[in-house]
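Student: Could you take me on a close look at a single part of this protein, the hairpins and the side chains that go with them? I would enjoy one connected walk through it.

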Amino acid sequence: SSSPLDFSHYLKSNVTYCDVAPPPLPPIAAPSSSDTKDSSPPPPPPSPTAQSTPPPPPPSAESSAPPPPPSEPDAIEAAAANASSISNPGPFEHATMDAKRLVSIDTYDGFRLDINKQLSPFMAVVHSFWLGTSMLPDGRNKTYTFLTQVADEAGLCMARVDLERQSVDGRIHRALLGGLVTSKVQVGVSAEGQT
């Protein structure tokens, strides 16, 4: 049996409302005086105009609910799609290099010659001659330097030899932790001492 607070039987009523008037009732025949069968015809059926199509069923709760809103794409997916369409501009240290190349003028006096040679996809060498100049800081008017560079996706190693100054300079740049960190080491050795 149901509990005293159970009202579910009141909520499940099957009440149908109709705007059409009910058909008229058939006429009632007068009682005959004899108990024998009456030979009169039966009463006529109700007129067809009173009967029409049955009323539509009441709307269900599911059909009266508004449709759910369209699902919006996830914000993380949208950000990932936008980020993947933008190319990587490179390291922060190189942000101003293109602008400096455009606005700075490479001026020098005398004769300057740079010979570049790509020995492999990862290694290049440069011979640099500078003759008849007054721009060198130690008063010399000529210089020769040899530079070699080995680079790959993870970093680079560079060494420069200056025979006039009797010095060797070197740099090592290496990406660590899958490119999250870049380590940089710079070394210089000369006749005057280490730097």
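Tutor: Happy to! Let me begin with a term: a contact here means heavy atoms within 4.5 Å. Counting contacts between residues at least 6 apart in sequence, 18% join residues at least 24 apart. Please keep in mind that this is a predicted model.

Before we zoom in, here is the setting. The protein has four helices and seven strands, and from the N terminus on the elements run α-α-α-α-β-β-β-β-β-β-β. Of its 195 residues, 9% are buried. The accessible surface comes to about 17100 Å², and carbon and sulfur atoms account for 62% of that.

Now to the hairpins. Strand 3, residues 142-152, and strand 4, residues 155-162, run antiparallel and are joined by eight bridges. They form a hairpin with two residues between them. If you would like a pair to find on screen, go to Gln 149, whose bridge partner in strand 4 is Met 158.

Strand 4 also pairs with strand 5, residues 167-176; these two run antiparallel as well, with eight bridges between them. Here you can look for Leu 156, which stands opposite His 173 in strand 5. The hairpin of strand 4 and strand 5 has four residues between the strands, and Gln 166 takes a positive phi near 55 degrees there.

With the backbone in place, turn to the charged side chains. The count of salt bridges comes to three. One of them pairs Arg 160 with Asp 169, where the closest N and O atoms are 3.7 Å apart. Arg 160 has a relative accessible area of 32%, so this residue counts as partly exposed. Asp 169 is also partly exposed, because its relative accessibility is 23% and the buried class is for values under 20%.

Another salt bridge brings together the side chains of Arg 174 and Asp 152, at 3.5 Å from N to O. This pair links distant parts of the chain, with Arg 174 in strand 5 and Asp 152 in strand 3, 22 residues apart. Arg 174 is partly exposed at 35% relative accessibility, and Asp 152 falls into the partly exposed class at 37%.

The salt bridge between Asp 114 and Arg 112 has its closest N and O atoms 3.8 Å apart. Asp 114 is partly exposed at 38% relative accessibility, while Arg 112 has a relative accessible area of 30% and is partly exposed too.

Finally, go back to strand 5 and look at the nonpolar side chains. Val 168, Ile 172, Val 185, Val 187 and Val 189 make a nonpolar surface patch of about 370 Å². Strand 5 and strand 6, residues 181-190, each supply at least two residues of this patch. Strand 6 gives the most, with three residues. One residue to pick out is Val 187, which lies in strand 6. Val 187 has 45% relative accessibility and therefore counts as partly exposed, since the exposed class is for values over 50%.

To put the pieces together: strand 4 is joined to strand 3 by eight bridges and to strand 5 by eight bridges, while the salt bridge of Arg 174 and Asp 152 links strand 5 with strand 3. Strand 5 also shares the nonpolar patch with strand 6.

Note on methods
Residues numbered from 1 in each chain as written. Predicted model: local features only at pLDDT ≥ 70, side-chain atom pairs only at ≥ 80, totals over all residues. Heavy atoms only, no water. Pairing = 2+ DSSP bridges. Salt bridge = Lys/Arg side-chain N within 4 Å of Asp/Glu carboxyl O. Buried < 20%, exposed > 50% of the residue type's maximum accessible area, 1.4 Å probe, protein only. Areas by Shrake-Rupley, 256 points an atom, 1.4 Å probe, with all protein chains shown as cover. Patch = residues over 30% accessible without salt bridge, like charges linked within 9 Å, V, L, I, M, F, W, Y side chains within 5 Å.
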